[in-house]
Amino acid sequence: MKQTMKKLVTFCLAVVMIVTLLPAVPAKAATKTENLTLYVGEAIYVTNYYDVTKVTSSNKKVLAAAKDKENKSHANLTAKKAGTSTVTITTKRGTMKYKVTVKKLSFDVKLTQLSEGEVLVSVKNNTKQTFDYAYVTYTLKGEDGAVLEKDKKMVDNLLPGKTSYAKIMYSTYDFTIDINQCSGKITEVDRSINAKYTDRSSKVSITDTMDMDVNPGYATLTLKLKNKVSNSVSGTVYIMLYDSGDKLIGVRPLSIFLKGSAVNTETVKIDTQYSYPTYDHYKLATRAYSKDY
């Protein structure tokens with residue numbers, strides 16, 4: 001009897017050891033529906049790290065969905081038009097579902113002649129979403145309506161309800177444009193889908209000083225930037241240059257990055273002799289935000 005019990009105990013211990021040594025097997029994912037918002041033209045991928053076997057979209061006109069040809073664990077989603085669609089992604093370890101709301105992009109794009117060879121691109125973001133940057137496809141035309149140049153220009157830091165800027169430079173030796181026939185539109189946007197964006201423009205305090213005498217022919221602008229929140233913030237301070245009649249004659253962007261509660265000092269030199277000979281005064285426009293994941 002004792003030998004039988006001893007053999008039984010030995011057997012049980014061996015089983016325990018074998019079970020302990022077996023590798024852990026991930027649990028099969030339960031099907032659940034997550035909400036996702038995209039804007040027309042955005043293309044992303046989703047994954048649960050297992051091979052995707054099937055991808056379907058309930059409304060292909062609103063959202064295109066397909067397996068990634070190069071990465072078996074990815075499913076690609078492309079927003080095509082405003083509306084809703086439910087995406088079902090079947091993998092070897094379970095099923096994922098996304099209820100996707102696709103919204104229209106809404107931007108006002110304006111081209112303004114600043115000087116010969118220089119056009120200002122102004123982009124106002126009419127959505128409630130912050131975008132890290134967007135591309136404006138623009139067309140420059142001459143007085144006869146002929147297309148002289150067509151290209152793309154990137155505009156950074158597009159905050160809800162605010163206007164951001166970029167400049168197009170062109171050679172006046174090649175052509176003369178008619179700004180009234182020139183146009184531009186947003187054709188591509190970029191943002192971190194999983195990030196929460198917060199407008200921090202009002203949380204960046206600026207102490208500014210302009211010195212016209214340090215360098216003859218130049219105005220030296222000193223900006224002391226203070227981040228009043230604990231989050232890191234990034235963005236742009238636009239230095240808007242005006243003549244005595246309050247006409248905008250130039251925009252100088254200053255990219256900024258401030259760690260939480262940090263204070264930075266930046267110096268910008270402005271050529272008032274050749275580039276901006278009619279310069280009289282300036283104004284500042286801050287576009288700053290934080291991203292949290």
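1. Six aromatic pairs turn up in this structure, and since the model is a predicted one, please read the geometry below in that light. A few of the pairs deserve a closer look.

2. Take Tyr165 and Tyr238. Their rings meet edge-to-face, with 5.1 Å from centre to centre and 80° between the planes. Tyr165 belongs to strand E12 (residues 163-169) and Tyr238 to strand E17 (residues 233-242), so this contact ties together parts that are 73 residues apart in sequence.

3. Are these two tyrosines buried or exposed? Tyr165 is buried, at a relative accessible area of 17%. With buried meaning under 20%, that value falls inside the cut-off. Tyr238 is buried as well, at 2%.

4. Next, Tyr170 and Phe175. How are their rings arranged? The planes are at 10° and the centres 5.5 Å apart; planes under 30 degrees apart count as stacked, so that is what we call this pair. Both residues, Tyr170 and Phe175, are buried.

5. Don't miss the cluster, either: Tyr39, Phe107 and Phe131 are linked into one by ring pairs.

6. Two lysines also go with tyrosine rings. Lys152 lies over the face of Tyr135, 4.7 Å from the ring centre. For Tyr242, the partner is Lys283, whose charged end sits over the ring at 4.8 Å from its centre.

7. If you check one thing in the viewer, I'd pick the Tyr165 and Tyr238 pair, as an edge-to-face contact between strand E12 and strand E17.

Technical notes:
Residues numbered from 1 in each chain as written. Predicted model: local features only at pLDDT ≥ 70, side-chain atom pairs only at ≥ 80, totals over all residues. Heavy atoms only, no water. Phe/Tyr/Trp six-rings, centres within 6.5 Å; stacked < 30°, edge-to-face > 60°. Helix = DSSP H or I, 4+ residues; strand = E, 2+ residues; numbered from the N terminus. Buried < 20%, exposed > 50% of the residue type's maximum accessible area, 1.4 Å probe, protein only. Lys NZ or Arg CZ within 6 Å of the ring centre and 35° of its normal.
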